[in-house]
Amino acid sequence: MSYAPFDWIDDEARRRTDAGLVRTLRPRDARTELLDLASNDYLGLTRHPEVTSAAAEAAREWGAGATGSRLVTGSTALHAALERELADFCGFEAALVFSSGYAANLAVLTALGGHGSLIVSDAGNHASIVDGCRLSRAATAVVPHADPEAVRKALHAHGGPALTVTDSVFSVDGDAAPLTGLADACREAGAALVVDDAHGLGVLGEGGRGALSAAGLAGDEGTVATLTLSKSLGSQGGAVLGPARVIAHLVNTARTFIFDTGLAPAAAGAALGALRLLRREPERAGRAREVAAELYARLTDAGLTAVRPDAAVVSVRAPSAASAVRWASDCRAAGLGVGCFRPPSVPDGISRLRLTARADLTSAQIESAVATIVECAPSSVN
Ligand code: PMP
(Lines give C-alpha, C1' and ligand atoms only; values in the text may rest on other atoms or scores of the structure.)
Protein backbone atom coordinates (compact mmCIF):
# COMPACT_ATOMS: atom_id res chain seq x y z
CA MET A 1 0.00 0.00 0.00
CA SER A 2 1.38 3.44 -0.88
CA TYR A 3 2.13 5.86 1.95
CA ALA A 4 0.31 9.16 1.28
CA PRO A 5 -0.99 10.54 4.59
CA PHE A 6 -1.63 14.02 3.14
CA ASP A 7 -3.74 13.12 0.11
CA TRP A 8 -6.81 14.42 1.93
CA ILE A 9 -5.23 17.90 1.83
CA ASP A 10 -5.36 17.90 -1.99
CA ASP A 11 -9.05 16.92 -1.88
CA GLU A 12 -9.79 19.79 0.49
CA ALA A 13 -7.76 22.22 -1.63
CA ARG A 14 -9.74 21.20 -4.73
CA ARG A 15 -13.03 21.82 -2.91
CA ARG A 16 -11.78 25.25 -1.79
CA THR A 17 -10.73 26.15 -5.33
CA ASP A 18 -14.10 25.04 -6.74
CA ALA A 19 -15.89 27.21 -4.15
CA GLY A 20 -13.66 30.26 -4.82
CA LEU A 21 -12.41 30.22 -1.22
CA VAL A 22 -8.64 29.84 -1.64
CA ARG A 23 -6.61 32.14 0.61
CA THR A 24 -3.18 33.36 -0.47
CA LEU A 25 -0.50 35.49 1.13
CA ARG A 26 0.42 38.75 -0.57
CA PRO A 27 3.55 40.26 0.99
CA ARG A 28 3.22 44.03 0.77
CA ASP A 29 5.94 46.55 -0.02
CA ALA A 30 7.22 48.82 2.74
CA ARG A 31 6.36 51.89 0.67
CA THR A 32 3.35 51.83 -1.59
CA GLU A 33 1.03 54.22 -3.34
CA LEU A 34 -1.94 52.03 -2.38
CA LEU A 35 -4.57 53.86 -0.31
CA ASP A 36 -5.07 51.59 2.71
CA LEU A 37 -8.60 50.89 3.94
CA ALA A 38 -7.80 47.30 4.84
CA SER A 39 -5.53 47.54 7.88
CA ASN A 40 -6.60 47.96 11.50
CA ASP A 41 -4.38 51.01 11.99
CA TYR A 42 -7.43 53.06 13.03
CA LEU A 43 -5.54 56.05 14.37
CA GLY A 44 -2.75 56.05 11.79
CA LEU A 45 -0.14 55.42 14.51
CA THR A 46 1.79 52.39 13.29
CA ARG A 47 4.20 54.57 11.29
CA HIS A 48 4.00 57.63 13.53
CA PRO A 49 7.61 58.71 14.25
CA GLU A 50 6.97 58.86 17.98
CA VAL A 51 5.66 55.29 17.99
CA THR A 52 8.41 53.81 15.79
CA SER A 53 11.07 55.68 17.84
CA ALA A 54 9.58 54.25 21.05
CA ALA A 55 9.83 50.76 19.50
CA ALA A 56 13.45 51.30 18.44
CA GLU A 57 14.46 52.75 21.81
CA ALA A 58 12.83 49.87 23.66
CA ALA A 59 14.69 47.32 21.50
CA ARG A 60 17.99 49.10 22.12
CA GLU A 61 17.37 49.34 25.86
CA TRP A 62 15.86 45.90 26.52
CA GLY A 63 16.87 43.76 23.54
CA ALA A 64 15.01 42.38 20.53
CA GLY A 65 13.16 39.74 22.54
CA ALA A 66 11.72 39.47 26.05
CA THR A 67 14.16 36.55 26.67
CA GLY A 68 11.67 34.37 28.54
CA SER A 69 8.18 33.92 29.86
CA ARG A 70 6.76 36.73 32.00
CA LEU A 71 7.22 34.77 35.26
CA VAL A 72 10.88 33.99 34.55
CA THR A 73 12.84 36.75 32.74
CA GLY A 74 10.22 38.23 30.39
CA SER A 75 8.84 41.02 32.59
CA THR A 76 10.61 44.37 32.22
CA ALA A 77 9.94 47.79 33.70
CA LEU A 78 8.44 48.61 30.30
CA HIS A 79 5.81 45.86 30.62
CA ALA A 80 4.97 47.11 34.12
CA ALA A 81 4.63 50.71 32.89
CA LEU A 82 2.43 49.64 29.98
CA GLU A 83 0.17 47.66 32.34
CA ARG A 84 -0.14 50.58 34.76
CA GLU A 85 -0.88 53.12 32.03
CA LEU A 86 -3.34 50.90 30.15
CA ALA A 87 -5.31 50.19 33.34
CA ASP A 88 -5.30 53.86 34.28
CA PHE A 89 -6.31 55.08 30.80
CA CYS A 90 -9.19 52.62 30.43
CA GLY A 91 -10.35 52.99 34.05
CA PHE A 92 -9.60 49.51 35.46
CA GLU A 93 -7.88 48.47 38.67
CA ALA A 94 -5.20 46.35 37.00
CA ALA A 95 -3.92 45.09 33.64
CA LEU A 96 -1.85 42.22 32.28
CA VAL A 97 -0.08 42.31 28.93
CA PHE A 98 0.06 39.27 26.62
CA SER A 99 1.91 38.47 23.40
CA SER A 100 -1.35 38.87 21.44
CA GLY A 101 -5.03 39.67 21.81
CA TYR A 102 -5.68 36.07 20.78
CA ALA A 103 -3.65 34.82 23.76
CA ALA A 104 -5.45 37.30 26.05
CA ASN A 105 -8.86 35.90 25.07
CA LEU A 106 -7.70 32.30 25.49
CA ALA A 107 -6.29 33.22 28.92
CA VAL A 108 -9.46 34.79 30.28
CA LEU A 109 -11.83 32.12 29.02
CA THR A 110 -9.71 29.17 30.16
CA ALA A 111 -8.83 30.71 33.54
CA LEU A 112 -12.34 31.93 34.39
CA GLY A 113 -14.38 29.22 32.66
CA GLY A 114 -13.71 26.12 34.74
CA HIS A 115 -15.43 22.73 35.09
CA GLY A 116 -19.12 23.08 35.93
CA SER A 117 -19.35 26.70 34.80
CA LEU A 118 -21.09 28.13 31.75
CA ILE A 119 -19.78 30.53 29.10
CA VAL A 120 -22.51 32.36 27.20
CA SER A 121 -21.03 33.51 23.89
CA ASP A 122 -22.50 35.75 21.14
CA ALA A 123 -22.83 33.97 17.76
CA GLY A 124 -20.82 36.77 16.10
CA ASN A 125 -17.82 36.62 18.45
CA HIS A 126 -14.26 36.64 17.15
CA ALA A 127 -12.50 33.33 16.41
CA SER A 128 -10.18 33.78 19.40
CA ILE A 129 -13.24 33.80 21.69
CA VAL A 130 -14.66 30.73 19.96
CA ASP A 131 -11.33 28.97 20.50
CA GLY A 132 -11.18 30.16 24.13
CA CYS A 133 -14.60 28.59 24.74
CA ARG A 134 -13.43 25.36 23.15
CA LEU A 135 -10.25 25.26 25.25
CA SER A 136 -11.99 26.04 28.53
CA ARG A 137 -13.51 23.24 30.60
CA ALA A 138 -16.80 25.13 30.80
CA ALA A 139 -19.99 24.32 28.90
CA THR A 140 -20.64 26.89 26.16
CA ALA A 141 -24.02 28.28 25.12
CA VAL A 142 -23.83 30.18 21.83
CA VAL A 143 -26.65 32.72 21.79
CA PRO A 144 -28.12 34.78 18.92
CA HIS A 145 -26.21 37.92 18.00
CA ALA A 146 -26.55 41.03 20.23
CA ASP A 147 -29.47 39.60 22.23
CA PRO A 148 -29.39 40.34 26.00
CA GLU A 149 -32.69 38.48 26.50
CA ALA A 150 -31.17 35.29 25.06
CA VAL A 151 -28.19 35.77 27.40
CA ARG A 152 -30.55 36.23 30.37
CA LYS A 153 -32.38 32.98 29.52
CA ALA A 154 -29.15 31.00 29.09
CA LEU A 155 -27.79 32.26 32.43
CA HIS A 156 -31.02 31.46 34.27
CA ALA A 157 -31.28 27.99 32.74
CA HIS A 158 -27.78 27.20 34.06
CA GLY A 159 -28.04 28.69 37.53
CA GLY A 160 -24.38 28.04 38.53
CA PRO A 161 -21.13 29.98 38.03
CA ALA A 162 -21.13 31.65 34.64
CA LEU A 163 -19.71 34.36 32.44
CA THR A 164 -20.92 36.08 29.30
CA VAL A 165 -18.43 36.98 26.58
CA THR A 166 -18.88 39.40 23.71
CA ASP A 167 -16.94 41.54 21.25
CA SER A 168 -17.60 45.23 22.02
CA VAL A 169 -17.56 46.00 18.30
CA PHE A 170 -18.02 43.00 16.03
CA SER A 171 -15.15 42.58 13.62
CA VAL A 172 -17.22 41.49 10.63
CA ASP A 173 -20.02 44.08 10.54
CA GLY A 174 -18.64 46.81 12.82
CA ASP A 175 -21.82 46.91 14.93
CA ALA A 176 -21.63 47.44 18.70
CA ALA A 177 -22.73 44.98 21.38
CA PRO A 178 -25.60 46.02 23.70
CA LEU A 179 -23.22 46.26 26.68
CA THR A 180 -25.66 47.82 29.15
CA GLY A 181 -28.29 45.11 28.54
CA LEU A 182 -25.66 42.38 28.77
CA ALA A 183 -24.26 43.81 32.02
CA ASP A 184 -27.78 43.92 33.51
CA ALA A 185 -28.43 40.29 32.53
CA CYS A 186 -25.09 39.26 34.07
CA ARG A 187 -25.70 41.18 37.31
CA GLU A 188 -29.13 39.59 37.77
CA ALA A 189 -27.58 36.13 37.43
CA GLY A 190 -24.40 36.89 39.43
CA ALA A 191 -22.37 36.20 36.28
CA ALA A 192 -19.20 37.94 35.07
CA LEU A 193 -19.06 39.92 31.83
CA VAL A 194 -16.01 39.62 29.56
CA VAL A 195 -15.79 42.16 26.73
CA ASP A 196 -13.26 41.98 23.91
CA ASP A 197 -12.62 45.67 23.18
CA ALA A 198 -10.19 45.04 20.30
CA HIS A 199 -12.12 47.41 18.01
CA GLY A 200 -13.30 49.84 20.69
CA LEU A 201 -10.01 50.91 22.27
CA GLY A 202 -8.80 54.16 20.71
CA VAL A 203 -12.09 54.70 18.88
CA LEU A 204 -14.97 54.63 21.39
CA GLY A 205 -15.33 56.43 24.71
CA GLU A 206 -13.88 59.75 25.76
CA GLY A 207 -10.53 60.20 24.02
CA GLY A 208 -10.60 56.55 22.89
CA ARG A 209 -10.85 55.01 26.39
CA GLY A 210 -12.90 52.21 24.89
CA ALA A 211 -16.40 50.77 24.81
CA LEU A 212 -16.46 49.85 28.50
CA SER A 213 -15.63 53.37 29.53
CA ALA A 214 -18.32 54.64 27.14
CA ALA A 215 -20.88 52.26 28.71
CA GLY A 216 -19.92 53.19 32.31
CA LEU A 217 -18.61 49.66 32.91
CA ALA A 218 -14.88 50.41 33.26
CA GLY A 219 -13.70 49.34 36.70
CA ASP A 220 -16.91 47.43 37.43
CA GLU A 221 -16.31 44.59 39.94
CA GLY A 222 -17.86 41.97 37.64
CA THR A 223 -16.41 43.12 34.31
CA VAL A 224 -13.21 42.16 32.51
CA ALA A 225 -11.94 43.64 29.22
CA THR A 226 -9.57 42.10 26.73
CA LEU A 227 -7.66 44.25 24.23
CA THR A 228 -5.30 44.02 21.34
CA LEU A 229 -2.38 46.44 21.03
CA SER A 230 -2.31 45.81 17.27
CA LYS A 231 -5.14 48.02 16.05
CA SER A 232 -5.54 51.58 17.40
CA LEU A 233 -2.22 51.42 19.23
CA GLY A 234 -0.43 50.42 16.01
CA SER A 235 1.79 47.83 17.72
CA GLN A 236 1.43 44.15 18.53
CA GLY A 237 0.28 42.28 21.63
CA GLY A 238 -2.77 42.00 23.84
CA ALA A 239 -3.97 42.83 27.35
CA VAL A 240 -6.56 41.95 29.97
CA LEU A 241 -8.00 44.67 32.22
CA GLY A 242 -10.03 44.01 35.35
CA PRO A 243 -10.15 43.77 39.14
CA ALA A 244 -6.70 43.11 40.70
CA ARG A 245 -7.81 39.70 41.99
CA VAL A 246 -8.76 38.59 38.47
CA ILE A 247 -5.39 39.73 37.12
CA ALA A 248 -3.55 37.89 39.96
CA HIS A 249 -5.60 34.77 39.12
CA LEU A 250 -4.49 35.00 35.47
CA VAL A 251 -0.83 35.38 36.48
CA ASN A 252 -1.16 32.17 38.48
CA THR A 253 -3.34 30.06 36.22
CA ALA A 254 -3.60 31.30 32.60
CA ARG A 255 -1.55 28.98 30.44
CA THR A 256 -1.15 31.44 27.54
CA PHE A 257 0.43 33.82 30.05
CA ILE A 258 2.58 31.36 31.99
CA PHE A 259 3.94 29.28 29.11
CA ASP A 260 4.34 32.01 26.46
CA THR A 261 7.36 34.28 25.96
CA GLY A 262 6.67 37.81 27.13
CA LEU A 263 5.70 40.52 24.66
CA ALA A 264 8.77 41.80 22.73
CA PRO A 265 10.10 45.04 24.26
CA ALA A 266 9.78 46.87 20.93
CA ALA A 267 6.06 46.06 20.84
CA ALA A 268 5.58 47.08 24.47
CA GLY A 269 7.48 50.33 23.84
CA ALA A 270 5.49 51.12 20.70
CA ALA A 271 2.17 50.49 22.46
CA LEU A 272 3.20 52.71 25.37
CA GLY A 273 4.33 55.43 22.94
CA ALA A 274 0.99 55.22 21.09
CA LEU A 275 -0.99 55.32 24.34
CA ARG A 276 0.84 58.45 25.52
CA LEU A 277 0.30 60.06 22.12
CA LEU A 278 -3.42 59.25 22.25
CA ARG A 279 -3.64 60.87 25.68
CA ARG A 280 -2.13 64.03 24.20
CA GLU A 281 -4.21 63.89 21.01
CA PRO A 282 -7.61 62.53 22.11
CA GLU A 283 -9.31 63.99 19.04
CA ARG A 284 -7.94 61.10 16.95
CA ALA A 285 -10.68 58.82 18.37
CA GLY A 286 -13.54 61.08 17.27
CA ARG A 287 -11.95 61.60 13.86
CA ALA A 288 -11.85 57.81 13.21
CA ARG A 289 -15.59 57.66 13.99
CA GLU A 290 -16.28 60.65 11.72
CA VAL A 291 -14.39 59.06 8.83
CA ALA A 292 -16.38 55.83 9.28
CA ALA A 293 -19.67 57.75 9.27
CA GLU A 294 -18.66 59.63 6.14
CA LEU A 295 -17.62 56.45 4.31
CA TYR A 296 -20.94 54.83 5.23
CA ALA A 297 -23.00 57.85 4.15
CA ARG A 298 -21.28 58.17 0.79
CA LEU A 299 -21.38 54.45 0.00
CA THR A 300 -25.06 54.07 0.85
CA ASP A 301 -25.89 57.30 -1.06
CA ALA A 302 -24.29 55.59 -4.06
CA GLY A 303 -26.69 52.66 -3.67
CA LEU A 304 -24.46 50.12 -1.91
CA THR A 305 -25.68 48.13 1.09
CA ALA A 306 -23.60 48.74 4.19
CA VAL A 307 -23.99 48.40 7.95
CA ARG A 308 -24.16 51.69 9.88
CA PRO A 309 -20.79 51.72 11.70
CA ASP A 310 -20.70 52.02 15.50
CA ALA A 311 -16.91 52.43 15.50
CA ALA A 312 -14.29 52.41 12.72
CA VAL A 313 -15.23 49.25 10.79
CA VAL A 314 -17.47 49.70 7.74
CA SER A 315 -18.91 46.54 6.20
CA VAL A 316 -20.31 46.52 2.65
CA ARG A 317 -22.37 43.57 1.39
CA ALA A 318 -21.24 41.60 -1.67
CA PRO A 319 -23.49 39.24 -3.65
CA SER A 320 -21.16 36.22 -3.41
CA ALA A 321 -17.72 35.12 -2.25
CA ALA A 322 -16.40 35.15 -5.82
CA SER A 323 -17.74 38.64 -6.57
CA ALA A 324 -16.34 39.95 -3.26
CA VAL A 325 -12.88 38.65 -4.16
CA ARG A 326 -13.12 40.19 -7.65
CA TRP A 327 -14.41 43.49 -6.20
CA ALA A 328 -11.51 43.71 -3.75
CA SER A 329 -8.96 42.81 -6.41
CA ASP A 330 -10.38 45.39 -8.88
CA CYS A 331 -10.14 48.02 -6.10
CA ARG A 332 -6.53 47.01 -5.49
CA ALA A 333 -5.74 47.30 -9.21
CA ALA A 334 -7.22 50.81 -9.04
CA GLY A 335 -4.96 51.73 -6.10
CA LEU A 336 -7.23 51.02 -3.12
CA GLY A 337 -6.64 48.31 -0.51
CA VAL A 338 -9.85 46.94 1.06
CA GLY A 339 -10.52 43.89 3.19
CA CYS A 340 -12.58 40.99 1.86
CA PHE A 341 -14.45 38.76 4.31
CA ARG A 342 -16.04 35.55 3.10
CA PRO A 343 -16.78 32.05 4.39
CA PRO A 344 -15.44 30.50 6.56
CA SER A 345 -14.46 33.80 8.27
CA VAL A 346 -18.05 35.08 8.41
CA PRO A 347 -20.49 33.41 10.80
CA ASP A 348 -23.55 34.02 8.58
CA GLY A 349 -22.02 33.00 5.23
CA ILE A 350 -22.46 36.52 3.76
CA SER A 351 -19.42 37.91 1.95
CA ARG A 352 -18.45 41.54 2.42
CA LEU A 353 -15.89 44.18 1.67
CA ARG A 354 -14.54 45.41 4.97
CA LEU A 355 -13.24 48.94 5.15
CA THR A 356 -11.49 50.49 8.09
CA ALA A 357 -11.77 54.17 8.73
CA ARG A 358 -8.47 55.77 9.66
CA ALA A 359 -8.29 58.99 11.66
CA ASP A 360 -5.61 60.30 9.29
CA LEU A 361 -7.61 59.95 6.04
CA THR A 362 -8.23 63.24 4.25
CA SER A 363 -11.54 64.21 2.66
CA ALA A 364 -9.96 63.82 -0.79
CA GLN A 365 -8.83 60.27 0.11
CA ILE A 366 -12.30 59.36 1.38
CA GLU A 367 -13.85 60.71 -1.82
CA SER A 368 -11.40 58.82 -4.02
CA ALA A 369 -11.87 55.57 -2.03
CA VAL A 370 -15.65 55.75 -2.38
CA ALA A 371 -15.39 56.50 -6.12
CA THR A 372 -13.17 53.45 -6.63
CA ILE A 373 -15.42 51.13 -4.59
CA VAL A 374 -18.49 52.29 -6.52
CA GLU A 375 -16.78 52.01 -9.92
CA CYS A 376 -15.52 48.50 -9.17
CA ALA A 377 -18.81 47.25 -7.67
CA PRO A 378 -20.34 44.12 -9.25
CA SER A 379 -23.22 45.16 -11.51
CA SER A 380 -25.77 43.32 -9.32
CA VAL A 381 -25.23 45.53 -6.25
CA ASN A 382 -26.19 48.92 -7.66
N1 PMP B 1 -10.40 40.01 19.08
C2 PMP B 1 -10.88 40.65 18.00
C3 PMP B 1 -12.28 41.14 18.01
C4 PMP B 1 -10.06 40.84 16.90
O5 PMP B 1 -10.54 41.45 15.79
C6 PMP B 1 -8.73 40.36 16.94
C7 PMP B 1 -7.75 40.60 15.79
N8 PMP B 1 -8.19 40.31 14.55
C9 PMP B 1 -8.29 39.69 18.07
C10 PMP B 1 -9.15 39.55 19.13
C11 PMP B 1 -6.93 39.10 18.15
O12 PMP B 1 -5.99 40.08 18.47
P13 PMP B 1 -4.46 39.88 18.03
O14 PMP B 1 -4.41 40.13 16.57
O15 PMP B 1 -3.73 40.87 18.86
O16 PMP B 1 -4.09 38.46 18.37
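The following exercises, with worked solutions, concern a predicted model.

**Exercise 1. Domains**

Task: State which domains the chain is assigned, how far apart their centres lie, and how many residues each gives to the contact.

Solution:
1. The domain assignment divides the chain into domain 1 (26–47 + 282–381) and domain 2 (49–280).
2. Taken over C-alpha atoms, the centres of domain 1 and domain 2 are separated by 26 Å.
3. To the contact, domain 1 contributes 25 residues and domain 2 contributes 28 residues.

**Exercise 2. The aromatic pair**

Task: Classify the geometry of the pair formed by the rings of phenylalanine 98 and phenylalanine 257, and locate both residues.

Solution:
1. One aromatic pair is present in the structure.
2. The ring centres of phenylalanine 98 and phenylalanine 257 are 5.5 Å apart, and the ring planes stand at 65 degrees.
3. Centres within 6.5 Å make a pair, and planes over 60 degrees apart count as edge-to-face; the pair of phenylalanine 98 and phenylalanine 257 is therefore edge-to-face.
4. Phenylalanine 98 belongs to strand 2 (residues 94–98), and phenylalanine 257 belongs to helix 10 (residues 255–258). The pair therefore ties together parts that are 159 residues apart in sequence.
5. Both phenylalanine 98 and phenylalanine 257 are buried.

**Exercise 3. Salt bridges and their surroundings**

Task: For the salt bridges of arginine 70, arginine 134 and arginine 152, identify the partner and describe the location and exposure of the residues involved.

Solution:
1. The search of the whole structure yields 20 salt bridges.
2. Arginine 70 is bridged to glutamate 83, with an N to O distance of 3.0 Å. This pair links distant parts of the chain, 13 residues apart: arginine 70 is in the loop between helix 2 (49–62) and helix 3 (77–90), whereas glutamate 83 is in helix 3. Arginine 70 and glutamate 83 are both buried.
3. Arginine 134 is bridged to aspartate 131 at 3.4 Å, N to O. Helix 5 (residues 127–135) holds both arginine 134 and aspartate 131, which are three residues apart, or about one turn of the helix.
4. The cut-off for exposed is over 50% relative accessible area, and values from there down to 20% count as partly exposed. Arginine 134 has 66% and is therefore exposed; aspartate 131 has 25% and is therefore partly exposed.
5. Arginine 152 is bridged to glutamate 149, with 2.8 Å between the closest N and O atoms. Both arginine 152 and glutamate 149 are in helix 6 (residues 148–158), three residues apart, again about one turn of the helix.
6. At 19% relative accessibility, arginine 152 is buried, while glutamate 149, at 40%, is partly exposed.
7. Asp36, Arg358 and Asp360 are joined into one network by salt bridges that share partners.

**Exercise 4. Strand pairing around strand 10**

Task: Determine how strand 10 runs relative to strand 1 and to strand 11, parallel or antiparallel.

Solution:
1. Strand 1 (residues 35–37) and strand 10 (residues 336–341) are joined by three bridges and run parallel.
2. Within this pairing, aspartate 36 is opposite glycine 337 of strand 10.
3. Strand 10 and strand 11 (residues 352–356) are also joined by three bridges, but run antiparallel.
4. Cysteine 340 has leucine 353, in strand 11, as its bridge partner.

**Exercise 5. Nonpolar cores**

Task: Describe the largest nonpolar core and the contacts of isoleucine 373, then place leucine 304.

Solution:
1. The largest nonpolar core comprises 92 residues, and Leu82, Leu86, Trp327 and Ile373 have the most contacts inside it.
2. With nine residues, helix 11 (residues 265–280) gives the most to this core.
3. Domain 1 and domain 2 each supply at least three residues to this core.
4. Beyond its neighbours within four places in sequence, isoleucine 373 is in contact with Leu299, Leu304, Trp327, Cys331, Leu336, Leu353 and Leu355.
5. Another core, of 24 residues, lies apart from the largest one; Leu96, Ala138, Val224 and Leu250 are among its members.
6. Leucine 304, one of the contacts of isoleucine 373, is in the loop between helix 12 (283–301) and strand 9 (313–317).
7. Buried means under 20% relative accessible area; leucine 304, at 4%, is therefore buried.
8. Although leucine 304 and valine 374 are 70 residues apart along the chain, their C-alpha atoms are separated by 7.8 Å.

Terms used: Residues numbered from 1 in each chain as written. Predicted model: local features only at pLDDT ≥ 70, side-chain atom pairs only at ≥ 80, totals over all residues. Heavy atoms only, no water. Phe/Tyr/Trp six-rings, centres within 6.5 Å; stacked < 30°, edge-to-face > 60°. Helix = DSSP H or I, 4+ residues; strand = E, 2+ residues; numbered from the N terminus. Buried < 20%, exposed > 50% of the residue type's maximum accessible area, 1.4 Å probe, protein only. Salt bridge = Lys/Arg side-chain N within 4 Å of Asp/Glu carboxyl O. Pairing = 2+ DSSP bridges. Core = buried A, V, L, I, M, F, W, Y, C linked by side-chain atoms within 4.5 Å. Domains from an automatic or database assignment. Contact = heavy atoms within 4.5 Å.
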